[in-house]
Amino acid sequence: MWPGFLGHTLPEWVANALDDGLAGVVYFGQNVENHIQLSRLSASIMASRGDALIGVDEEGGTVSRLHALEGSPLPSHAQLGWLNDTELTERVGQSLGAAAKKTGINVVLAPVADVNTNPHNPVIGVRSFGSSPELVSSHVRAMITGIQGMGVASCVKHFPGHGDTSVDSHLSLPRFSGDHETLLRDHLPPFNAAIREGVASIMTTHVVVPSLGELPSTLNPTTLSLLRDMGFQGSIVTDALDMAAISSNFGLGPGAALALAAGVDLLCIGNPANPGAIRGKRTDEADFNAVFSSLCDAVETGIITPARLEEANRRNAALSRLTPSTTTSTTTSATDSYTRQVQESFSVRTRKQPITRVAMLDLRERATRAVTDRNQYLADAMRKHAVVSSQVIPASSIDLDSSAQTRVTDIAAAFDPDILSAENILILCDSLHQGTPQRRAALFLREHRTQIFTGVDPDVVVVNLGLPAEPDLGIPSIDARGDSRVTADALLAVFFDDSYLQKEAAS
């Protein structure tokens with residue numbers, strides 16, 4: 001069992017469970033106050049059990065727990081895939097591994113090996129290196145080499161692939177939309193590459209793959225047998241079992257028992273801070289007890305055999321015994337390369353000089369389904385250089401089918417006065433493909449800017465924090481491919497003088 005928990009210190013129930021043989025814990029953003037605090041927390045866990053598995057759901061870029069408050073200093077997978085320099089990706093992996101090891105963590109839940117073949121995918125997107133199995137495979141190998149070279153286990157995810165889905169498994173039960181040939185050709189190669197690279201653990205996905213049966217992969221013995229047939233002998237880890245794909249369809253505890261019986265070795269119970277149907281009704285300890293009770297029942301009834309438990313424990317024990325083989329390397333070149341690429345790609349530039357007042361409109365439903373926080377890294381960074389007003393107005397809340405004049409009036413009424421009077425408007429989006437509410441709203445705001453905003457012909461730029469729009473928006477926009485401190489720094493280099501930024505970085 002591998003639970004998450006609330007708080008910055010070790011709860012008594014976790015300490016007691018560790019004394020009784022609990023495998024370890026998984027850190028999420030709510031467990032991190034700062035790295036000194038996190039190191040002390042890890043030390044207290046190891047004091048209870050010296051071989052505990054301490055994991056962190058840390059991918060760098062948009063999905064960051066170690067830097068949840070200030071934003072990740074590392075590029076997202078999509079940004080690395082765009083740069084397509086595997087040496088840089090390996091160095092990012094080294095930095096991930098080094099940051100984990102420094103705070104007492106011995107398992108990093110990365111990299112993401114999903115091939116994002118569906119541009120409308122609501123949960124993977126910029127978390128993937130790209131849409132090509134060859135490109136994803138090469139970067140998966142590089143990041144595993146970097147992470148495990150630091151003596152930290154890598155957990156590649158999400159087998160057999162979450163890239164060709166249109167439903168978020170945090171919210172419902174997705175289905176893979178391709179046939180078996182498509183699965184083999186487009187989605188399994190990165191996992192084969194990870195196995196050849198010696199990855200220590202692989203995480204399953206809660207996705208139904210029809211060619212393998214009607215159970216989600218996490219609970220499906222056919223899917224897990226396929227992974228073993230591919231040559232993987234390490235630990236198979238579940239994605240968070242509190243996600244609706246499992247908890248709403250099978251139950252948290254029963255789902256855990258089915259997963260273990262099917263061949264999973266380590267049960268990630270989930271993030272108790274996530275919103276959802278059970279939030280406020282159960283606690284982290286109650287979730288743990290529910291899973292424990294279901295496992296005991298499954299052993300008593302013979303659904304789970306002692307041999308299955310022993311097999312899982314043997315595999316899990318190996319996760320904390322990796323030996324480091326490399327040293328830490330700087331990622332400065334990776335972030336600098338990304339910044340230069342963003343500057344060069346923003347060819348349509350209409351910004352006014354100097355920028356002194358900025359209005360930032362966030363049309364996203366939320367930052368990402370994988371991380372619930374909506375931290376405003378870009379707004380915080382820009383406040384060092386300009387007066388920034390920010391407002392969240394999800395595109396889905398705008399009546400996009402009413403008359404243009406009605407929309408202008410309603411939108412203007414919804415904005416704060418500081419937004420309406422700004423001369424520089426940044427529209428934050430992450431879903432800009434044909435027909436999406438964000439695309440329609442962004443284009444409308446740009447087209448009717450002089451009617452909505454009181455500034456004289458305000459400068460409106462769309463900042464796309466997701467994958468590039470299809471087709472191109474045709475208006476000033478920047479494809480950032482992620483939302484983190486790296487993204488914010490790159491965008492500052494676009495909107496402000498480079499010399500000023502270099503001076504700030506030096507200080």
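## Salt bridges, cores and backbone exceptions

Arg308 and Asp265 form a salt bridge in which the closest N and O atoms are 2.8 Å apart. A salt bridge here is a side-chain nitrogen of Lys or Arg within 4 Å of a carboxyl oxygen of Asp or Glu. The model is predicted: local features need pLDDT of at least 70 and side-chain atom pairs count only at pLDDT 80 or more, while totals for chains, interfaces and linings use all residues. Residues are numbered from 1 along each chain as its sequence is written, and side-chain values use heavy atoms, with hydrogens and water left out.

The Arg308 and Asp265 pair links distant parts of the chain, 43 residues apart: Arg308 is in helix α12 (residues 306–317) and Asp265 in the loop between α10 and β8 (268–270). Helices (H or I, at least four residues) and strands (E, at least two) are DSSP runs, numbered from the N terminus. Both Arg308 and Asp265 are buried; buried means under 20% relative accessible area, exposed over 50%, and partly exposed in between (1.4 Å probe, protein chains only).

The salt bridge count comes to 17. Three of these pairs are tabulated here.

| Pair | Closest N to O distance |
|---|---|
| Asp57 and Arg65 | 2.6 Å |
| Arg308 and Asp265 | 2.8 Å |
| Asp483 and Arg364 | 3.1 Å |

Asp483 and Arg364 meet through their side chains in a salt bridge. Asp483 lies in the loop between β13 (477–479) and α19 (485–495), and Arg364 in the loop between β9 (357–362) and α14 (377–382), so the pair ties together parts 119 residues apart in sequence. Both Asp483 and Arg364 are buried. Asp57 and Arg65 are buried as well, and salt bridges that share partners join these two with Glu59, Arg127 and Lys157 into one network.

The largest nonpolar core has 72 residues, and Tyr27 and Ile202 have the most contacts inside it. Helix α10 (residues 252–262) gives this core its largest share, six residues. A second, separate core of 29 residues includes Leu83, Met360, Leu465 and Ala480. A nonpolar core is a set of buried Ala, Val, Leu, Ile, Met, Phe, Trp, Tyr and Cys residues joined through side-chain atoms within 4.5 Å.

Contact means heavy atoms within 4.5 Å. Apart from residues up to four places away in sequence, Ile202 touches ten residues' worth of surroundings, among them Cys155, Phe159, Phe191, Leu227 and Val237.Ser389 lies in strand β10 (residues 387–392) and is buried at 15% relative accessible area. Leaving aside neighbours within four places in sequence, Ser389 is in contact with Val358, Ala359, Met360, Asp418 and Ile419.

Two peptide bonds are cis: one joins Ala110 and Pro111, with omega about 5°, and another joins Lys157 and His158, with omega about 5°. His158 lies in strand β5 (residues 153–159). Asn84 has a positive phi of about 55° although it is not a glycine, and at 46% relative accessibility Asn84 counts as partly exposed. Arg481, in the loop between β13 and α19, has a positive phi near 60° and is buried at 13% relative accessibility.
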